[in-house]
Amino acid sequence: MTIEELLKVLEMQEEILQFSHFTHGDAWELGNLIVMEARRRNTPVALKIQLNNGQTVFQYDFDGTTLYTEDWVQRKIHTVRKTESSSLHLHMMLRQNEESLSGMGLDPSEYASVGGGFPIRVEDVGVIGAVAVSGPNHVADHDLLVKCISKYLHVDEVPRIRAV
């Protein structure tokens, strides 16, 4: 796929995967769904769901993850909060425009231009938070989130990106 095609898929994912509401209970259910899918894939990840007000409403770190992994998760959360789109979307935009985080005025120690962060967008409200995972592969991290969010929302027809 070309970068343009990948960007269109990412935009479609974000348009399709919107919540009608998002409560702490939703965070618990979605978080557990992600943990179970990561276990099924045998992929140890750090996971966080955080609202835009800074409140963490779900967090789980697999054995073997570290504070370094948690740092990546928080950087992905910051990226989603700032751009209101997935962190993989920013990654592809930067590749397309041959830019860097620094070139956008974003500190690479606070933001990440890799996959694994996805916006929690509520219909008719907007982005109210982010869910992020960090594991061994950033594209797989993104795919894990897309698969689990689509399953949680009972949406079958979501285009996916498995390799970049």
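The following conversation concerns salt bridges and backbone phi values in a predicted model.

Trainee: How many salt bridges are there in this predicted model?

Mentor: The count comes to 8 salt bridges.

Trainee: Which residues are linked in a network?

Mentor: The network of salt bridges links E37, R40, R41, D143, K147 and R160.

Trainee: Let us take R41 and D143. What is the N to O distance in that salt bridge?

Mentor: The distance between the side chains of R41 and D143 is 3.2 Å, N to O. R41 sits in the loop between α2 (24-40) and β1 (46-51), while D143 belongs to helix α5 (residues 138-152), so this salt bridge ties together parts that are 102 residues apart in sequence.

Trainee: Is D143 buried or exposed?

Mentor: D143 counts as buried, at 6% relative accessibility. Its partner R41 has a relative accessible area of 25% and is partly exposed.

Trainee: Which salt bridge joins D143 to R160, and what is the N to O distance there?

Mentor: The side chains of R160 and D143 meet at 2.6 Å, N to O. R160 lies in the segment after α5 and D143 within helix α5, so the two parts tied together are 17 residues apart in sequence. R160 counts as partly exposed, with 28% relative accessibility.

Trainee: Moving on to D141, which residue does it form a salt bridge with?

Mentor: D141 pairs with K76, and the closest N and O atoms are 3.1 Å apart. D141 is in helix α5 and K76 is in helix α3 (residues 67-83), so the pair connects parts that are 65 residues apart in sequence.

Trainee: And are those two side chains' residues buried or exposed?

Mentor: D141 is buried, with a relative accessible area of 3%. K76 is buried as well, its value being 1%. Both residues are classed as buried because that term applies under 20% relative accessible area.

Trainee: A change of topic: the backbone. What is the phi of D124?

Mentor: D124 has a positive phi of about 65°, although D124 is not a glycine. Most residues other than glycine have a negative phi.

Trainee: Where does D124 lie?

Mentor: D124 is found in the loop between β3 (117-122) and β4 (126-134). At 85% relative accessibility, D124 counts as exposed.

Trainee: What about the phi of H154?

Mentor: H154 also has a positive phi, near 60°, and is a residue other than glycine. H154 lies in the segment after α5.

Trainee: Is H154 buried or exposed?

Mentor: H154 is exposed, with a relative accessible area of 71%.

Note on methods:
Residues numbered from 1 in each chain as written. Predicted model: local features only at pLDDT ≥ 70, side-chain atom pairs only at ≥ 80, totals over all residues. Heavy atoms only, no water. Salt bridge = Lys/Arg side-chain N within 4 Å of Asp/Glu carboxyl O. Helix = DSSP H or I, 4+ residues; strand = E, 2+ residues; numbered from the N terminus. Buried < 20%, exposed > 50% of the residue type's maximum accessible area, 1.4 Å probe, protein only.
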